[in-house]
Amino acid sequence: MIELNHITKWANSGGNRVFLLRDINLTVKEGEFISIMGPSGSGKSTLLNVIGMLDEFNEGEYNFIGQPVHELKEKHRSQLYKSHIGFVFQAYHLIDELTVYENIETPLLYQNIKSSERQAIVADILDRFNIVGKKDLFPTQLSGGQQQLVGVARALVAKPKLILADEPTGNLNSKQGEEIMELFKQLNAEDGVTIIQATHSERNAAYGSKIINLLDGRIEK
Amino acid sequence: MIRNYLKIAWRNMVKNRLLSIVNIVGLSAGILFTFVISAYTWSELQVNAELKNADRQYILQSRWTGANMGYELVTIAPLAKALFEQYPTLISNYYRFDGITSTVSKGDKHFRESFQIGDSTLLRMYGFSLLHGDAQTALSDPYSVVLSEDAAKKYFAKTNVVGETISIENFSGAEHDFMVTGIIKNHSRNSVSSLLDDKENQFYLPIAAAQFFGREMVLWNNAHVVSYVELQKGVSPKQLEEPIRQLLKKNAPDFITLNLTQYLVPLNQYYLSKDNGLVKKMIYALSIIAFFILLMAVINFVNMSMSHSVTRLKEIGIRKVLGGLKKQMILQFLTESIVLVLFATLFAILLYAVSRNYFSSILGKSLPELTVFPLSFILLPFALALFVGTLAGIYPALVLSAFKTVDSLKGKLSTVKEKIWLRKTLVGFQFSIATIVFIGAIVVSQQIGYFFSKNIGYNKDYIVSAQVPRDWSSAGVSRMATIRTQLSALPQVSDVTLSFEVPDGRNSGSAAIYKVGADSTSAVSTQFLNTDEHFASTFGISLKAGAFFSQPGAFTDSSTVVINETQAKALGWKNADDAVGQRVRLIGRTDIYTVAGVTNDFHFGSMQESVPPITFVHVANSQVFRYFSVKLKPGDISNSLEALRKQWAVLMPGAPFEYKFMDETLRHLYKTEIQLRQAAYTAFLLALIIVLLGVLGLVSMSIQRRTKEIGIRKVLGSSVTNIILIFIKEFLFVIVIAGCIAFPIAFTLMQNWLNGYAYRVQITAIPFIISILLLGTISALLIALQTMKVAQSNPVKSLRTE
């Protein structure tokens with residue numbers, strides 16, 4: 001599903017070239033659950049952003065479901081990730097001005113799905129996540145765990161093949177974190193969704209089927 | 001999708017209440033001014049537009065070969081009628097009138113009113129409709145009169161007054177009853193019922209009434225009649241040139257045939273282009289001001305949106321991650337700004353309704369009520385909102401949506417920071433405009449102050465003028481002389497003069513004057529003033545040499561004249577004393593006049609023109625007069641006026657005492673300048689509001705950006721004052737630069753404006769200093785207030801935000 005060949009990314013800082021990613025080679029098959037580990041600044045987020053096509057890289061090749069991402073134009077790229085990738089963030093990144101319902105609905109709006117269909121899909125997912133009663137609340141009225149639940153629901157609503165989660169439990173207490181990780185495991189096992197998560201915690205990383213360790217932008221073997 | 005945009009737009013507005021209100025207030029100020037000027041322009045363009053067959057209505061104008069031969073506005077009395085009768089294929093209708101002023105009485109109501117003695121075609125030609133009466137017959141009986149609705153209400157307190165009578169006085173003092181035969185329904189402004197100024201003519205008399213007033217409209221040497229014609233369809237005004245020439249050649253005396261060219265001006269252009277296009281110029285000037293004010297408001301909006309972008313950046317990032325395209329982001333931002341502008345527009349409409357009267361008084365024209373506009377205008381606010389909203393929203397939308405997704409998610413404002421110079425430039429631009437408008441307002445005020453200062457050459461204080469009944473005969477003059485003596489005997493009165501003119505720029509006429517013994521080709525043009533010997537003492541005009549006709553009260557030889565200094569010089573007397581006792585002649589007259597005195601120059605008319613040569617002729621000689629001007633003694637003015645009114649009623653029963661202070665007369669003379677001053681101050685006020693809102697936005701942006709810096713400075717021991725000063729300094733720089741740009745522009749503009757006046761103030765440094773000090777102080781205060789809170793807050797808090 002994902003094939004990264006010799007991906008390198010750098011930034012220029014005061015005349016010096018600082019490498020964020022160095023020669024990353026990674027293959028992810030459909031249905032895998034991968035945990036990326038590493039200390040702060042090791043490049044976890046950058047790697048996820050590159051995989052999610054939110055960020056660009058300077059060298060290397062990236063194939064996503066057989067499409068050469070490095071050759072695609074911005075518009076096609078956004079088309080690609082829009083329909084195949086869902087994102088979950090450490091800071092939830094819900095839109096404060098929108099209700100729970102509207103937050104979940106937004107990705108569908110951007111995919112031009114009809115109103116009646118949208119309603120059905122959102123109702124489904126609200127039901128599945130047990131948050132029907134909260135659908136008219138605003139993010140600020142929810143606890144952190146509930147917000148992240150909405151975040152995961154929003155990532156899933158467009159039925160993506162791949163979920164990218166950047167420290168999804170970083171802002172949560174251990175109980176809430178466990179619930180989210182259980183959810184991921186369930187999604188991976190029952191729905192066959194591919195998941196790549198970045199995490200600090202050994203315990204959370206253990207939920208994955210494969211662990212990759214990053215240090216200073218390199219994959220440690 | 002659009003519903004979604006609207007919803008978010010609304011929630012964002014409510015969430016950032018302060019920002020929204022500031023934005024809406026600033027924008028509505030700009031939009032309000034645009035509305036006011038548009039409404040003004042529209043109503044000026046409406047003048048004459050609603051006349052029947054407006055595109056075929058013309059007014060006849062006269063071009064004379066010499067400047068003092070006749071008036072442009074009026075023409076040969078029988079010309080229009082003859083054209084209609086002899087060239088029916090060219091002319092489909094005509095209307096002529098002779099404008100006069102006299103006293104109207106009904107019971108104990110006496111007022112001076114203006115009349116049009118004119119053709120009965122008036123009532124059918126222009127689409128005026130009669131509330132009461134019959135348009136076919138209303139203007140046929142010599143003693144019939146047609147009133148406007150307002151006049152009927154004024155004299156009878158109702159409009160259905162057909163068959164009632166009013167009494168009108170003629171020029172020899174006789175009164176006659178006139179029967180009301182029609183009431184004209186109120187109609188929109190046009191150059192038939194209000195030709196000279198905005199005052200509607202209220203009384204229409206039939207041609208047959210001319211005899212009662214000693215007027216006539218049949219002689220070909222009468223060049224004092226206003227004439228309108230309606231052309232047949234498809235006829236161009238050029239086709240009339242030859243027929244007019246033929247008619248004049250056949251009928252008019254040589255003097256007219258040789259010197260007069262008639263031309264036609266379409267009524268739908270006449271109003272805008274008369275008085276050298278005064279109305280047009282005013283429309284252009286105001287439109288430019290309105291454009292800049294709106295531009296300032298839009299710039300503000302852009303600045304405000306940008307300064308608030310941090311909070312929106314994250315949202316944009318999320319939306320992009322969720323699959324939103326750049327195009328969709330732009331659309332969302334545009335929706336928001338359009339919705340906001342729409343609110344501002346609606347608010348501006350509300351403000352318009354509330355402030356209509358205020359702006360009407362500033363512009364000196366009544367602005368139309370909202371209900372007067374055609375229904376299709378309802379689309380205009382929406383079109384405006386769409387246009388201004390797009391204009392104001394497109395820049396923030398483009399900038400914000402162009403951020404890299406990852407950067408926006410982190411709320412990085414680095415790129416925005418780099419563009420701060422752009423925002424500073426924009427605010428600087430606003431400061432420049434505000435400074436220019438303010439300097440302009442001050443200079444215009446100074447010039448107006450000059451108009452009313454001692455430099456006018458006479459003392460205007462405590463002088464009231466009122467028109468007297470007209471009896472232009474030697475008996476009439478001596479009766480007035482007696483009344484003058486009795487009025488001046490009042491203890492409250494210091495002096496009284498009888499004259500045809502008061503210093504309002506309008507005199508009876510001009511002629512060419514030359515020295516006896518010199519060749520008549522050396523004659524110079526002179527303006528006549530018809531006064532008695534008390535004019536100089538009443539108005540405080542000082543004499544350079546000789547006497548003003550004679551010692552007051554002494555006998556005045558009818559052959560004496562008084563001239564002003566300019567006249568003396570024009571005739572070649574370098575020293576005023578040389579002129580006294582000299583004899584002069586007028587071209588076209590056999591009489592010889594002796595110069596009794598030379599006055600100092602004074603401003604009879606507007607300071608736009610230099611003082612012309614003036615010749616005073618005694619009223620006993622010319623036997624024309626209109627005004628008593630009374631110099632009151634300082635003290636209780638209202639008491640003095642009451643005493644004067646009583647004495648007036650006793651001495652001249654039935655004559656209305658409608659007085660005007662000289663100040664009022666001058667205000668009327670400088671009406672345009674005073675309106676300009678008002679408009680400039682209003683524009684400055686709006687510009688100030690907008691510029692301050694702009695500062696508010698930029699400072700809040702600056703504070704956001706520098707919160708951490710403030711925290712660090714405070715930790716390092718900086719005082720509150722020091723921190724406030726940092727922000728003020730940042731802006732002082734902008735203001736100084738803006739001033740440097742504004743000064744030369746303002747100087748050039750005002751120099752240009754002042755050059756239109758023969759007598760003007762010099763531009764000093766004062767307006768420049770005042771404007772920059774005022775703007776600087778107000779901005780500094782605003783910034784201090786705004787930064788106070790941040791400067792006082794606990795540094796731990798601000799440092800934590802990073």
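This is a short walk through a predicted model with a chain A and a chain B.

Let's start with chain B as a whole. It has 802 residues, and 42% of them count as buried. Chain B holds 25 helices and 21 strands. Its C-alpha trace spans about 100 × 65 × 50 Å along the principal axes. Now look at the contacts in chain B between residues at least 6 apart in sequence. Of these, 81% join residues at least 24 apart.

Next, the core. The largest nonpolar core has 97 residues. Which of them touch the most other members? Those are Val36(B), Ile293(B), Val437(B) and Ala687(B). Several helices of chain B each supply at least two residues of this core. Going along the chain, they are α2 (17-46), α8 (267-307), α10 (326-363), α11 (379-401) and α14 (420-451), then α22 (671-715), α23 (720-754) and α24 (766-792). The largest share comes from α22(B), with 17 residues. As background, nonpolar side chains tend to be buried together in soluble globular proteins.

Now the place where the chains meet. How many residues of chain B are in contact with chain A? The count is 17, and they touch 14 residues of chain A. On the chain B side, α1 (2-15), α9 (309-321) and α12 (405-410) each supply at least two residues. Helix α1(B) gives the largest share of that side, 5 residues. By class, that side of chain B has 8 nonpolar, 6 polar and 3 charged residues.

Stay with α1(B) for a moment. Its axis and that of α10(B) come within 9 Å and cross at roughly 60°. That angle makes α1(B) oblique to α10(B). The crossing of these two helices is right-handed. Who meets whom? From α1(B), take Tyr5(B), Leu6(B), Ile8(B), Ala9(B), Asn12(B) and Met13(B). They meet Leu331(B), Gln332(B), Thr335(B), Glu336(B), Val339(B) and Leu340(B) in α10(B). The contact of α1(B) with α10(B) has 8 nonpolar, 3 polar and 1 charged residues. So α1(B) appears twice in this talk: at the side that touches chain A, and against α10(B).

Here is a second helix pair. Helix α3 (residues 79-86) and helix α6 (residues 241-251), both of chain B, have axes that come within 11 Å. They cross at roughly 115°. Are they roughly parallel or roughly perpendicular? They are roughly perpendicular to each other. Again, the crossing of α3(B) and α6(B) is right-handed. Leu79(B), Ala82(B) and Leu83(B) in α3(B) meet Pro243(B), Ile244(B) and Leu247(B) in α6(B). The residues of this contact are 6 nonpolar, no polar and no charged.

Now some single residues. First, Ser408(B). Find it in helix α12 of chain B. Recall that α12(B) is one of the helices on the side that touches chain A. Is Ser408(B) buried or exposed? Ser408(B) is buried, because 26 other C-beta atoms lie within 10 Å. Set aside its neighbours within four places in sequence. Ser408(B) is then in contact with Leu313(B), Lys314(B), Ile316(B), Gly317(B) and Phe403(B). Glu315(B) is 93 residues away from Ser408(B) in sequence, yet their C-alpha atoms are 8.0 Å apart.

Next, Gly234(B). Look in the loop between β9 (226-231) and α6 of chain B. Gly234(B) counts as exposed, because it has 7 C-beta neighbours inside 10 Å. Its C-alpha atom is separated by 8.9 Å from that of Leu90(B), and the two are 144 residues apart along the chain.

Last, backbone angles. Most residues other than glycine have a negative phi. Here are two residues with a positive phi. In chain A, His93(A) has a phi of about 50°, and it is not a glycine. His93(A) sits in the loop between β6 (85-88) and α3 (100-110) of chain A. With 21 C-beta neighbours inside 10 Å, His93(A) counts as buried. In chain B, Tyr462(B) has a phi near 60°. Find Tyr462(B) in the loop between α14 and β11 (463-467) of chain B. Tyr462(B) is partly exposed, with 18 other C-beta atoms within 10 Å.

That is the tour. Thanks for listening.

Methods:
Residues are numbered from 1 along each chain as its sequence is written. Chains are lettered from A and ligands numbered from 1 in the order in which they are written. This is a predicted model: local features need pLDDT of at least 70, side-chain atom pairs count only at pLDDT 80 or more; totals for chains, interfaces and linings use all residues. Axes are lines fitted to C-alpha atoms, for helices over the stretch in contact, and angles run from 0 to 180 degrees between N-to-C directions. Helices (H or I, at least four residues) and strands (E, at least two) are DSSP runs, numbered from the N terminus. Angles under 35 degrees count as roughly parallel, over 145 as roughly antiparallel, 65 to 115 as roughly perpendicular and the rest as oblique. A crossing is left-handed if the near helix is turned anticlockwise from the far one by less than a right angle, and right-handed if clockwise. Two residues are in contact if their C-beta atoms, placed from the backbone, lie within 7 Å. Ala, Val, Leu, Ile, Met, Phe, Trp, Tyr, Cys and Pro count as nonpolar, Asp, Glu, Lys and Arg as charged, and the others, Gly among them, as polar. A nonpolar core is a set of buried Ala, Val, Leu, Ile, Met, Phe, Trp, Tyr and Cys residues joined through C-beta atoms within 7 Å. A residue is buried if 20 or more other C-beta atoms lie within 10 Å of its own, exposed if 12 or fewer, and partly exposed in between; C-beta atoms are placed from the backbone.
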